[in-house]
Amino acid sequence: MESKNVIKVIVAIVLMIIFGVLVFLTVKHVVAYREVKNVNSNLDKKGHKIKIGFSLGTLKEERWIKDRDIVMAKLRELGAEVLVQNANNDDQDQLKQVRYLLDQKIDVLIIVPNDLEKASYAVSLAQKEGVKVISYDRLVTKSNVDLYISFDNVKVGKLMAEYLVKRVPRGNYLIINGATTDNNTKMIKEGYDSVLKPRIESGDIKIVKEDWAPNWMTEYAFNSTDELLQKGVKIDAVIAGDDALAGGIIEALSEHRMAGKVLVAAQDADLAACQRIVEGTQAMTVYKPIDKLAEATAKMAMKLARGEKLNVKNTIYDGKYYVPYYVLEPIAVDKTNIDDTVIKDGFHNRDEVYRNVAK
């Protein structure tokens with residue numbers, strides 16, 4: 001009887017050992033498979049580590065610094081090597097920098113064009129080298145890029161105009177757009193025009209000035225606004241091309257003791273703009289969650305480098321070609337929802353946004 005119990009114990013021990021060995025081998029195989037899969041995911045079609053070039057037209061505005069940092073972080077998380085160049089609003093420098101990136105044997109070029117048309121030559125150089133091109137947030141026109149990824153810029157213009165029209169249905173409007181060399185400004189204009197046109201035709205709204213700031217210069221926005229105010233022109237509402245331009249406009253309004261009395265709408269949700277919103281000198285901004293844009297861009301860049309299909313259904317006409325268009329939704333933000341959007345998402349810290357507001 002005792003010998004039978006001993007045999008049972010020995011059999012049980014052997015079975016446990018066999019089971020343990022099988023579990024160990026299974027886990028080892030899964031880990032090895034994942035490691036191989038991860039290694040392969042950051043290799044290009046030739047089996048080399050994926051290398052991405054990121055060419056920015058400028059880093060002057062706060063938002064582009066955020067874009068650069070987040071895109072780099074997302075790409076590195078996916079195992080890519082990232083090379084970054086900043087052209088400082090110089091078309092020739094951007095071309096030279098793209099040539100440099102191509103010399104480094106990049107697999108994909110992500111480009112934020114300084115000039116919507118002049119950057120097409122840089123794109124053509126990449127295409128000749130067999131390098132895939134993503135036009136990031138700003139479209140390079142007539143160049144047939146592999147992907148244009150951005151927020152819905154027509155909707156950006158609509159959101160700004162709709163916000164103002166709801167609160168200032170009648171009155172004098174000042175519009176100061178961004179640079180004419182940026183295709184986004186044309187799309188934003190298309191958006192606000194669709195809202196304002198019926199009210200302009202009815203006589204409810206008068207455009208006292210529609211201007212374009214070269215290189216998105218804040219000083220230009222200040223001078224353009226100040227010039228009107230010096231002449232005694234009444235301004236009831238303002239559409240600004242971005243938050244930096246809004247800053248120049250509000251500075252001019254402040255000098256004439258009109259800051260907070262004239263509603264100003266802009267885009268980008270820069271920290272200074274968010275501070276102005278809670279302080280009451282800027283009415284609203286259009287928030288564009290850059291982390292979503294950056295994450296999508298990183299994933300698309302890796303797919304292009306591996307020769308995979310993007311499966312992007314939307315297209316946009318670049319003036320010559322219809323190119324794949326990955327579009328994200330912008331969000332209107334004012335004092336009522338800034339906590340639930342910009343701050344909740346971690347785009348800005350609450351203490352920084354409310355820094356100048358008395359507790």
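D339 sits partly exposed in this predicted model, with a relative accessible area of 29%. Its salt-bridge partner is R350, and the closest N and O atoms of the two are 3.4 Å apart. D339 belongs to helix α11 (residues 339-343) and R350 to helix α12 (residues 350-353), so this pair ties together parts that are 11 residues apart in sequence. R350 is partly exposed as well, at 41% relative accessible area.

Elsewhere, salt bridges with shared partners link R63, D67, D137, D268 and K288 into one network. Within that network, R63 bridges to D67, with 2.9 Å between the closest N and O atoms. Both residues are found in helix α2 (residues 62-77), four residues apart, or about one turn of the helix. Neither is left out in the open: R63 is buried, and D67 is too.

Then there is K209, whose side chain meets that of E227 in a salt bridge (3.5 Å, N to O). Here a strand is joined to a helix: K209 lies in β7 (residues 205-212) and E227 in α7 (residues 218-230), so the contact ties together parts that are 18 residues apart in sequence. The two ends get different cover. K209 has a relative accessibility of 18%, so it counts as buried, the cut-off being under 20%. E227, at 40%, counts as partly exposed. Over the whole structure, a search turns up 20 salt bridges.

Turning to the strands, seven of them make up an open sheet with mixed pairing, in the order β2-β1-β3-β4-β5-β12-β11. At the edges are β2 (81-86) and β11 (315-317), each of which pairs on one side only. From one strand to the next, the twist averages 25°. Strand β1 (residues 51-56) runs parallel to β2, and six bridges join the two. One of the residues involved is K51, whose bridge partner in β2 is E81.

Zooming out, the protein's secondary structure adds up to 12 helices and 13 strands. It has 359 residues, of which 49% count as buried. Among contacts with a separation of 6 or more, 73% come from residues 24 or more positions apart. As for the surface, the protein exposes about 18,000 Å², and carbon and sulfur atoms supply 52% of that area.

Note on methods: Residues numbered from 1 in each chain as written. Predicted model: local features only at pLDDT ≥ 70, side-chain atom pairs only at ≥ 80, totals over all residues. Heavy atoms only, no water. Buried < 20%, exposed > 50% of the residue type's maximum accessible area, 1.4 Å probe, protein only. Contact = heavy atoms within 4.5 Å. Areas by Shrake-Rupley, 256 points an atom, 1.4 Å probe, with all protein chains shown as cover. Pairing = 2+ DSSP bridges. Axes fitted to C-alpha atoms, helices over the stretch in contact; angles between N-to-C directions. Salt bridge = Lys/Arg side-chain N within 4 Å of Asp/Glu carboxyl O.
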